[in-house]
Amino acid sequence: MTELLTPQSLYDQDILLWVEDTVAKLKAHDFTNLDLENLIEEVESLGVSQKKELLNRLITLLEHLLKRIYVPLPNDYNGWERTIRNQRKKLEALLVEVPSLKTRWNISFSSAWNIALKTVRAEYSKVEFPDSWQFSSDLEPMLSDRFWQEVE
């Protein structure tokens, strides 16, 4: 018995070609022939990826802030501070590009804090980290303050 094969859609065959075809149809106002199901899925995923980027950058920022503030390894300070500066620059750029992410800052910060804290506690089991962030978690201080100077 021969199995009937369903031809693959352009989306399944070549995503780039599908994107180019979809853009061409949108520009031509050919809405009838759009692959709406996959177009909706792709547009939704754009928002999800922006939220994930915010969360991931915050996790990295918090991990390195925690290390710089609480882990007494002066030889590592420069590297941690470099990562802090880089993540802050990338967060600033992301928030300029996607300003609506600012409304998710507190939610993202809370999730990022829990993940970062768990990670650094596993990495540095002999170091006592606080259960909650001891400084301002507001956007501006998180993107600029040198928190480690407040505890030195």
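This note covers the salt bridges and one charged surface patch of a predicted model.

1. Overall count. The predicted model holds six salt bridges. Three of these are taken up below: Lys67 with Glu123, Arg68 with Glu81, and Glu81 with Arg146.

2. Lys67 and Glu123. The closest N and O atoms of this salt bridge are 3.6 Å apart. Lys67 belongs to helix H3 (residues 36-70) and Glu123 to helix H5 (residues 105-123), so the contact ties together parts that are 56 residues apart in sequence. The two partners fall into separate exposure classes: Lys67 is buried, with a relative accessible area of 7%, whereas Glu123 is partly exposed, at 43%. The cut-off for buried is under 20% relative accessible area, and partly exposed runs from there up to 50%.

3. Arg68 and Glu81. Here the closest N and O atoms lie 2.7 Å apart. Arg68 sits in helix H3 and Glu81 in helix H4, so this salt bridge ties together parts that are 13 residues apart in sequence. Both Arg68 and Glu81 are buried. For Glu81 the relative accessibility is 14%, which is to be read against the limit of under 20% for a buried residue.

4. Glu81 and Arg146. Glu81 also forms a salt bridge with Arg146, with 3.9 Å between the closest N and O atoms. Arg146 is in the loop between helix H6 (139-144) and helix H7 (147-151), while Glu81 is in helix H4, so the pair ties together parts that are 65 residues apart in sequence. The distance should be read with the cut-off in mind, since a salt bridge is counted within 4 Å. Arg146 counts as partly exposed because its relative accessibility is 38%.

5. The network. Arg68, Glu81 and Arg146 are linked in a network of salt bridges. Glu81 takes part in both pairs, with Arg68 and with Arg146. The network draws on helix H3 through Arg68 and on helix H4 through Glu81, and on the loop between helices H6 and H7 through Arg146.

6. The positive patch. Which residues gather in a patch of positive charge on the surface? They are Arg82, Arg85, Lys89 and Lys90. Lys90 is found in helix H4, which spans residues 74-97. Lys90 counts as partly exposed because its relative accessibility is 43%. Residues enter such a patch with over 30% relative accessible area and no salt bridge. Helix H4 thus holds Lys90 of the patch as well as Glu81 of the network.

Key. Residues numbered from 1 in each chain as written. Predicted model: local features only at pLDDT ≥ 70, side-chain atom pairs only at ≥ 80, totals over all residues. Heavy atoms only, no water. Patch = residues over 30% accessible without salt bridge, like charges linked within 9 Å, V, L, I, M, F, W, Y side chains within 5 Å. Areas by Shrake-Rupley, 256 points an atom, 1.4 Å probe, with all protein chains shown as cover. Salt bridge = Lys/Arg side-chain N within 4 Å of Asp/Glu carboxyl O. Lys, Arg positive; Asp, Glu negative; His and termini not counted. Charge placed at Lys NZ, Arg CZ, Asp CG, Glu CD. Helix = DSSP H or I, 4+ residues; strand = E, 2+ residues; numbered from the N terminus. Buried < 20%, exposed > 50% of the residue type's maximum accessible area, 1.4 Å probe, protein only.
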